[in-house]
Amino acid sequence: MQFQQLQYFVAVAETRHFTRAADLVHVAQPSLSQQIKALERELGADLFLRARGNITLTDAGEALLPLARRILADADTARHEVQELAQLRSGRVRLGATPSLCTGLLPDVLRAFHDRYPGIRLLIEESGSHDLVRELARGALDLALVVLPLPTPSPALTTVELLREDLVVVSSPDAPAPGTGRTVRISDLEGERLVMFRHGYDLRELTVAACRAEGFEPDFAVEGGEMDAVLGFVRAGLGVAVVPRMVATRSGRGLRVTPLARPGLHRVIALAHRSDVAPPRAARELQRMLLER
């Protein structure tokens, strides 16, 4: 009994027509008929009652049909599982993340993923949440780490909250400590020169909104930088900056790190992917490692 014969048998059983079944499985009708006859000889029983214009299953055919469907379904499952495993030996994962997460969260997780799956190429897109959402929507990314709430809510994306991260104030140790020295209130930033991220940066929007909620406009000493540039400008004594605690902890050399007084500021990091397309197996494995980190 051959796998192909079972495919042809099920096609005929479902269409009740040899020619239509042949079209369905993309084979010439005489070849399909020959294989069905060979299967019947192998089993020692007719599977179809062949009357002109009327094809029906015999009792033997009725008995075989659910078994054949199960065999074909199991074969599809086996093929899928093997392909999924093969995806973990080679392939790629396209991951988007904000620059601060590339600095703070990702290095350790990506190192662990690479150690476990060295054949998977990791392609990292570093950008703001707005750009990452657009790249996800057009299929250019498998996963993205974004800051909630999304700049433009999208029903086409599924998001899973990953962590809530406190923000802190970083300053140069050579400059006077902001606030009390132990904590900083947002209102203490009035009169401080801020080193500010470029437009479209989630941290910029969050900091500016917090200052305005306290009734003042922030004063920028320098603006327009990415994370590494902002930290470098702060180390040089150009001003202070509000950054994620994870980044400050990892990049704290040459920086004074001061917590924000309660209630403080925090941001919500989420893992996002398209709702209509399941991420590849390798991307799902990276998603699992991020959620379990």
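In the hairpin formed by β1 and β2, two residues sit between the strands, and one residue, G53, adopts a positive phi near 75 degrees. The model examined here is a predicted one. Strand β1 (residues 48-51) runs antiparallel to β2, and four bridges join the two. Within this pairing, A51 finds its bridge partner in N54 of β2. The side chains of β2 (residues 54-57) alternate nicely: I55 and L57 point to one face and are buried, whereas N54 and T56 point to the other and are not.

Turning to helix α3 (residues 29-43), its 15 residues should span 21 Å at 1.5 Å a residue, and this agrees with the end C-alpha atoms, which are 21 Å apart. The buried residues of the helix are L32, S33, I36, L39 and E40. Viewed down the axis of α3, these buried residues fall within an arc of 120 degrees, so they line one face of the helix. Q34, R41 and E42, on the other side of α3, are exposed. Just after the helix comes G44, with a positive phi of about 75 degrees.

Aromatic contacts complete the picture. Four aromatic pairs emerge from a search of the whole structure. The rings of F18 and F48 have centres 5.9 Å apart and planes at 70 degrees, so this pair is edge-to-face. Because F18 belongs to helix α2 (residues 18-24) and F48 to strand β1, the pair ties together parts that are 30 residues apart in sequence. Both partners are buried, F18 with a relative accessible area of 11% and F48 with one of 2%. Ring pairs link F9, F18 and F48 into a cluster.

Notes. Residues numbered from 1 in each chain as written. Predicted model: local features only at pLDDT ≥ 70, side-chain atom pairs only at ≥ 80, totals over all residues. Heavy atoms only, no water. Buried < 20%, exposed > 50% of the residue type's maximum accessible area, 1.4 Å probe, protein only. Pairing = 2+ DSSP bridges. Expected span 1.5 Å × (residues − 1). Arc of directions from axis to C-beta. Phe/Tyr/Trp six-rings, centres within 6.5 Å; stacked < 30°, edge-to-face > 60°.
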